[in-house]
Amino acid sequence: MAVYKIVELGNEILREKAKAVPKITPNILKLLDNMAETMYGAKGVGLAAPQVGVAKRVVTVDSGKGLVGLINPEIIKFDGLETDSEGCLSVPGTIGDVDRAAMVEVKYLDRLGKEQIIKAAGLFARALQHEIDHLDGILFIDRAKNIRKIEQE
Ligand code: ZN
């Protein structure tokens with residue numbers, strides 16, 4: 001496995017609409033593995049492929065409930081509203097308050113190409129919405145209020 005370099009604000013790929021994965025190949029599985037390693041290495045809760053320079057609809061999330069790798073994720077249901085502070089590995093040193101659905105249902109393909117549906121709430125739901133936004137070229141700063149700088153570790 002390998003750790004990718006995380007691209008930051010200003011890189012055009014973060015503003016592109018990522019392409020759906022037509023077929024799950026060994027390269028896609030490698031991408032998922034390396035994204036997970038990159039996400040854990042950066043202490044992130046989620047990572048989207050455009051953040052490592054790959055314009056494909058692939059996301060990894062671990063909000064404390066275990067690793068989930070999602071291919072072609074799509075929000076099919078959402079409910080409620082929650083506002084909380086959010087940051088992004090591609091926008092270091094910055095947080096802001098973002099309104100998100102409190103609960104989402106997401107349809108995606110797993111590593112075997114099998115369709116899955118997960119229900120998520122709280123931080124898990126927030127992370128999924130944040131990462132799926134990345135696939136459409138949307139960054140949290142586009143939605144955030146009270147954007148502020150924080151001290152970096
Ligand atoms: Zn992000």
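Lys and Arg are counted here as positive and Asp and Glu as negative, with His and the chain ends left out. On this count the protein carries 21 positive and 22 negative charges, and the mean positions of the two sets are 4 Å apart. The model is a predicted one, and the values below are computed from it.

The protein contains 3 helices and 8 strands. In sequence order these elements follow the pattern α-β-β-β-β-β-β-β-α-α-β. The C-alpha trace spans about 40 × 35 × 25 Å along its principal axes. The radius of gyration is 14 Å, which agrees with the value near 15 Å that a compact globule of 153 residues would have. Of the 153 residues, 46% are buried. The exposed area of the protein is about 8,100 Å², of which carbon and sulfur atoms supply 53%. Among contacts between residues at least 6 apart in sequence, 66% join residues at least 24 apart.

Strand pairing was examined for strand 3 and two of its partners. Strand 2 (residues 58-61) and strand 3 (residues 68-79) run antiparallel and are joined by 4 bridges. Within this pair, Val59 stands opposite Leu70 of strand 3. The two strands form a hairpin with 6 residues between them, and in this hairpin Gly64 takes a positive phi near 110°. Strand 3 is also joined to strand 6 (residues 103-109), by 6 bridges and again in antiparallel orientation. Here Ile71 has Leu109 of strand 6 as its bridge partner. In a regular strand the side chains alternate between the two faces of the sheet. Asn72 is likewise placed in strand 3. The phi of Asn72 is near 50°, a positive value in a residue other than glycine.

The loop between strand 2 and strand 3 also holds Ser63. Ser63 has a relative accessibility of 18% and therefore counts as buried, the cut-off being under 20%. When residues up to four places away in sequence are not counted, Ser63 touches Val45, Leu123 and Phe124.

A positive phi in a residue other than glycine occurs at Lys43 as well, with a value near 55°. Lys43 lies in the loop that runs between helix 1 (26-41) and strand 1 (46-48). The relative accessibility of Lys43 is 67%, so this residue counts as exposed, for which the cut-off is over 50%.

A further loop position is Gly113, found between strand 6 and strand 7 (115-121). Gly113 counts as partly exposed because its relative accessibility is 37%, a value in between the limits of 20% and 50%. Gly113 and Lys77 are separated by 36 residues in sequence, and their C-alpha atoms are 21 Å apart in space.

Taken by accessibility, the three loop residues described above fall into separate classes: Ser63 is buried at 18%, Gly113 is partly exposed at 37%, and Lys43 is exposed at 67%.

Key
Residues are numbered from 1 along each chain as its sequence is written. This is a predicted model: local features need pLDDT of at least 70, side-chain atom pairs count only at pLDDT 80 or more; totals for chains, interfaces and linings use all residues. Side-chain values use heavy atoms; hydrogens and water are left out. The radius of gyration is taken over C-alpha atoms; the globule rule is 2.2 Å times the number of residues to the power 0.38. Buried means under 20% relative accessible area, exposed over 50%, partly exposed in between (1.4 Å probe, protein chains only). Contact means heavy atoms within 4.5 Å. Accessible areas come from the Shrake-Rupley method with a 1.4 Å probe; for residues, only the protein chains shown count as cover. The place of a charge is taken as NZ of Lys, CZ of Arg, CG of Asp or CD of Glu. Two strands pair if DSSP finds at least two bridges between them.
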